[in-house]
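Work through the exercises below with the coordinates open. Try each task before reading its solution.

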Amino acid sequence: MSAIDYDLKKIRGIAFDVDGVLSPSTIPCSPAGEPLRMVNIKDGYAIQHAVKRGYKLAIITGGTTKAMQVRYEGLGMTDIFQGAAHKLVVLERWMASRDLKPEEVAYMGDDIPDLTCLRHVGLPVCPADAVWEVKEACRYISKANGGYGCARDLIEQVMKARGDWMDAADAFGW
């Protein structure tokens, strides 16, 4: 049974912010001043498993780093939108290109720039350490903080509800 109060069988697409969601809110900087991001291995496992099972996944972030592009392409993601100043425009374009209706989409964000996207989808979700305005807009608040398994939490619950979690031999490999 899922902790999420939503018909998860409807979900075919999931979009994520990066900073504060797929990576922690605290970001170290290189000596040159470039932000460095950590990633969560368990989130990565769930992402690549969902991609293999045919889920539509997207990243929509205001940031721009080659490392994030390489990391998530390496997990099989193709819809990676960086430098998104107006995330809702990108989300709507992505949903149209993947033939996704709002009720079929979950969006996970953590801060004010994510609010328009959270209000546009059927399942707005956030990490435990999201700002209060985002928490108020969400149907589900993960028990995990951003960068510490909140993406895995969402993906696993969706896939379990749809019968896709650990259902095939490819679930046990990368």
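The exercises go from the sheet to the cores, then to single residues.

The model is predicted: local features need pLDDT of at least 70, side-chain atom pairs count only at pLDDT 80 or more, and totals for chains, interfaces and linings use all residues. Residues are numbered from 1 along each chain as its sequence is written, and side-chain values use heavy atoms, with hydrogens and water left out.

**Exercise 1. The sheet**

Task: Give the strand order of the open sheet and state which strands stand at the edges.

Solution:
- Step 1. Assign the elements. Helices (H or I, at least four residues) and strands (E, at least two) are DSSP runs, numbered from the N terminus.
- Step 2. Pair the strands. Two strands pair if DSSP finds at least two bridges between them.
- Step 3. Read the order. The open sheet has six strands, β3-β2-β1-β4-β5-β6, and the pairing is parallel.
- Step 4. Find the edges. β3 (79-81) and β6 (140-141) each have a single partner strand, so one side of each lacks a neighbour in the sheet.
- Step 5. Check two pairings. β1 and β2 run parallel and are joined by four bridges; Phe16 has Ile59 in β2 as its bridge partner. β4 and β5 also run parallel, with three bridges, and Ala106 stands opposite Leu123 in β5.

**Exercise 2. Enclosure of a strand**

Task: Decide how many of the five residues of β2 are buried.

Solution:
- Step 1. Set the classes. Buried means under 20% relative accessible area, exposed over 50%, and partly exposed in between (1.4 Å probe, protein chains only).
- Step 2. Count. Four of the five β2 residues are buried, so the rest of the structure largely encloses this strand.

**Exercise 3. The nonpolar cores**

Task: Describe the largest nonpolar core and name the element that gives the most to it.

Solution:
- Step 1. Define the set. A nonpolar core is made of buried Ala, Val, Leu, Ile, Met, Phe, Trp, Tyr and Cys residues joined through side-chain atoms within 4.5 Å.
- Step 2. Size it. The largest core has 34 residues, and Ile14, Phe16, Leu22, Tyr72, Leu123 and Leu154 have the most contacts inside it.
- Step 3. Map it. Two or more residues come from each of β1, α1, β2 (56-60), α2 (66-74), β4 (105-108), β5 (123-126) and α6. With six residues, α6 gives the most.
- Step 4. Look for another. A second, separate core has 19 residues, including Val105, Leu115, Val121 and Cys126.

**Exercise 4. The aromatic pair**

Task: Classify the ring pair of Tyr45 and Trp165 as stacked, tilted or edge-to-face.

Solution:
- Step 1. Apply the rule. Rings of Phe, Tyr and Trp (its six-membered ring) pair if their centres lie within 6.5 Å; planes under 30 degrees apart are stacked, over 60 edge-to-face, and the rest tilted.
- Step 2. Count. This rule yields one aromatic pair.
- Step 3. Classify. The centres of the Tyr45 and Trp165 rings are 6.2 Å apart and the planes are at 90°, so the pair is edge-to-face.
- Step 4. Place it. Tyr45 is in helix α1 and Trp165 in the segment after α6 (150-161), 120 residues apart, so the pair links distant parts of the chain.
- Step 5. Check burial. Tyr45 is buried at 12%, and Trp165 is buried at 13%.

**Exercise 5. Asp17 and Arg37**

Task: Find the side-chain polar contacts of Asp17 with Lys87 and of Arg37 with Asp19.

Solution:
- Step 1. Set the cut-off. A polar contact is a pair of N or O atoms within 3.5 Å; within protein, one must be able to donate a hydrogen and the other to accept it, and residues adjacent in sequence count only if both atoms are side-chain atoms.
- Step 2. Locate Asp17. Asp17 sits in the loop between β1 (13-16) and α1 (41-52) and is buried at 5% relative accessibility.
- Step 3. Read its distance. The side chains of Asp17 and Lys87 make a polar contact at 3.0 Å.
- Step 4. Repeat for Arg37. Arg37 is also found in the loop between β1 and α1. Its side chain joins that of Asp19 through a polar contact of 2.5 Å.

**Exercise 6. A backbone outlier check**

Task: Where does Asp99 lie, and is Asp99 buried or exposed?

Solution:
- Step 1. Read phi. For Asp99 phi is near 55°, a positive value in a residue other than glycine.
- Step 2. Place Asp99. The residue lies in the loop between α3 (87-97) and β4.
- Step 3. Classify. Asp99 has a relative accessible area of 62% and is exposed.
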